[in-house]
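Welcome, and thanks for taking a look at this one with us. Please have the sequence and the 3D view open side by side as you read.

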Amino acid sequence: MNCGLLTSKKEPVPLKSISVEVSVNGFIADVSSTFTYENTESNPVEAVFVFPMEDGSSVYDFHAEIGGNLIEATIKEKQEAIYDYDDAISSGQEAFLLEESDESPDVFRLSVGSLPAGQTASVSLSYVTELPVQADDALRFFLPTVLCPRYTPQGTTSLTSEVPFVPCDSVPYSLSLNCHLSSLNGIASVKSNSSLSPLEYLSDDKTEAKVSLSPGFQFDRDVELLIYYSQAHQPTAVVEAGVSTAAEGSLMGVPLVMVSLYPEFSRSTEESLTKNGEFIFLMDCSGSMKETMEWESNSARRIESARDTLLLLLKSLPFGCYFNICLFGSHFKFFFPKSVEYTQQTMESAMKKVKDMDANLGGTEILSPLCEIFREPCKPGYPRQLFVFTDGEVGNIKEVIEKVKKNSAKHRCFTFGIGDGASTALIKGMAKAGNGHFQFVCGKDRMQAKVMQTLSFALQPAVTNVALNWHVPDGMEVVPVSETPMMLFSGQQLILYSQLKGKVDETAVGHVSLQYSLCDMEHKTEMHFALNCAKHSRLTAHRLAAKSLINQMEEKKEEQLLTGGGIENLKKNIVEMSSEARVLSPYTAFIAINKESREAIQAPLIRRDIPCGDYMNEVSLFNSGDYMNEVSLFNSAMPCDSSLKASLPKKKGSSLISKIFMKCLSPASNSMSELPVPVEEEKQKDPMLKLISFQKANGSWELQQELINLFNKAEQEVLQKKPKEISDKSVWATFLALLWLHGFNSHMKDEWKFVALKAVSWIKAQPGLNLSICLQAGNDLLGCQLDLKTLEL
């Protein structure tokens, strides 16, 4: 029997290809994905594909084509759709079901049922999503292709327990992606972590372009496109017509205005930065943090990048603040019983522990340490800032987010998703619930740069009294759909939706103003927009507005659950909104049935779970069985004790390159044995991070031999060049360190700017110092040509 492509368990795989068409318009992406299935077996099959999707995506269309027939899906209450699907495939009909995971809104399940032998089918789904802005003003389009197994606390259901994993070069289906770009702000360039075709402009003013993913994509990473606009901070507004057949006054029946704002605040100065604060760093030290940041085996490991980042953070904290660090996995441990004042002694103690930090704490139990953090009362006058670092592979996402939201009045939460496959629902959800900011660190990204940008957010004075004011012609009314946030950060964009009720004069012009307070000063940004509705619309704004309303109702439902209130009416309202807007929700599903295919099944229906890629280079562990695959390091006859799966550092998934050990039952002794982790050569330390590691908590450096070696100078030469006016060698060392950072690492200033600010403050506090003489001597010694203005002295 010719079974076509096989998994490593010799099972036929019916999914053959995935094609993705992306249309980016301003800050919004409209995405259509088509999955092509082929049953090469002699019996009918049911194919089940569990896959990730960017959190916040609004799925609005689902249809299938089989045997030349187009089958449009309807959206129904989830349980009703599941019953219809089961009934259809049991009676021999071809059926298709798309549903959102109950545990996590960024994981979806696509079931293709009763696909006859020899038949080909294509399934298409479409969704819209907002694009977040990165530190360098790029818009980030993110297509998750990697689904890591989610670590699930004991007693709860695993999201990915049924998903088989295969090596990335054995994924039996292909991916193609084409992207059309359109923006009145001008398209400057597009970058990616994957190979792309050259950017092709479709208009002379560079407001339209297209780009494609190069052929041969390996499922070893999530696909990321970074889109740069020529005028990134230019606000835009689009008025979108409603649906004439929708109920009068309903969300879908009236025009909607979508406003995209990316205000540019003045740069923070040393004087404006907050000095007081309590900083708590919650660091994932579970087993999967041993994995590399990208596909290449010589890439830095996640735990190594996290370790360097923590050391940089410790050196960048303002003198006199409070801080603590908590490492978590299956259990957790704090560096100090409670937050301590930031001094030279506490900084050195923390640094020593950070250097010993490793990915050896088992699974990813993030809820318990969060509860412990929130149990400790905040320090008056020291606002709490929580930094969470994790690869995001947890199963109890909704419970974690609700805990953060419940304590949002006590802290701000900043999150970092590390590596491909990190849950966008967890990373985005925690940051939103905690009024903070999120970052994803993948591939060749330097974690330090992104974390320092977030530290800048945490130290910024609050942007408060945020208000959006509308001015439209008489006879019209603006009804907000999305909530205006309570606070803003530099580098954060706003996408807000409002209904336009009343008679719309398409020849008129409206305007909207964003007002806010910063450092006791009032600021205002205004924008005018035409009221003529967008033609040939795919209802992009309406779909996103509907998703925003559904999310708001979901949050109210969680609040009512905590207070013991009824939730049936809220569920009913969510289902009604989902059905009206044809937008998927936690309580609805898309169902498509080919009613012309009713034939009695002549053979048993075989279920096939579509595999996700797994690129662990030593071991492939399948969730669906209790045995390891045959690999060179193991005897294939040696069974893994299935009861030990929960005690593994973490179930390994598709984004992982791993030199791990697995605890197995030794056939000879029936006792526990460990496969040793190969010893790796110590990587050469980054000179910049090495110099920063020598800085004292107050911002100064001592003139030690290791620092002199970094300058590539002899000690005698350094001492001879020291001006006679400087009696304290620490002053000379600090001045040289500041010069070295500006002169040889200016391209990485985002990473060391807070270290430099502390050094500048310390130098300015030294009495009787002639800065011009110090500058001339330092420039002569290091071969620089810097001035005091550049050094901010």
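Here is a short tour of some helix packing, a small sheet and one glutamate. Please keep in mind that this is a predicted model. Two packed helices are described by the angle between their axes and the distance between the axes, and the helix notes below begin with those values.

**Helix 13 with helix 15**

- Helix 13, which covers residues 729–744, packs against helix 15, residues 771–782, at an angle of about 60°, and their axes are 10 Å apart.
- Because angles that are neither under 35 degrees, over 145 nor from 65 to 115 count as oblique, helix 13 is oblique to helix 15.
- The crossing of helix 13 over helix 15 is right-handed.
- On the helix 13 side, the contact is made by W732, F735, L736, L739, W740 and F744. Helix 15 brings L771, C774, L775, A777, G778, N779, L781 and L782 to meet them.
- Sorted by class, the residues of this contact between helix 13 and helix 15 are 12 nonpolar and two polar, with no charged ones.

**Helix 13 with helix 14**

- Helix 14 spans residues 749–764, and its axis comes within 10 Å of that of helix 13, with a crossing at roughly 150°.
- Since angles over 145 degrees count as roughly antiparallel, helix 13 is roughly antiparallel to helix 14.
- Helix 13 passes helix 14 in a crossing that is left-handed.
- From helix 13, the residues S730, V731, T734, F735, L738, L741 and H742 take part. Their counterparts in helix 14 are K749, W752, V755, A756, A759, V760, W762 and I763.
- The contact of helix 13 with helix 14 holds 11 nonpolar, three polar and one charged residues.
- F735 is worth picking out in your viewer: this residue is listed in the contact with helix 15 and also in the contact with helix 14.

**A three-stranded sheet**

- Three strands, in the order 26-29-30, make up an open sheet with antiparallel pairing.
- Strand 26 (463–471) and strand 30 (521–530) each have a single partner strand, so they stand at the edges with one side lacking a neighbour in the sheet.
- From one strand to the next, the twist averages 15°.
- Strand 26 and strand 29 (residues 509–518) run antiparallel and are joined by seven bridges.
- For N469, the bridge partner in strand 29 is S513.

**E100 in strand 7**

- Strand 7 runs over residues 94–100 and includes E100.
- E100 counts as buried because its relative accessibility is 3%, and the cut-off is under 20%.
- Beyond its neighbours within four places in sequence, E100 contacts K78, P105, V107, F108, K547, L584, S585 and P586.

Note on methods:
Residues numbered from 1 in each chain as written. Predicted model: local features only at pLDDT ≥ 70, side-chain atom pairs only at ≥ 80, totals over all residues. Heavy atoms only, no water. Axes fitted to C-alpha atoms, helices over the stretch in contact; angles between N-to-C directions. Helix = DSSP H or I, 4+ residues; strand = E, 2+ residues; numbered from the N terminus. Left-handed = near helix turned anticlockwise from the far one by under 90°. Contact = heavy atoms within 4.5 Å. Nonpolar A, V, L, I, M, F, W, Y, C, P; charged D, E, K, R; others polar. Pairing = 2+ DSSP bridges. Buried < 20%, exposed > 50% of the residue type's maximum accessible area, 1.4 Å probe, protein only.
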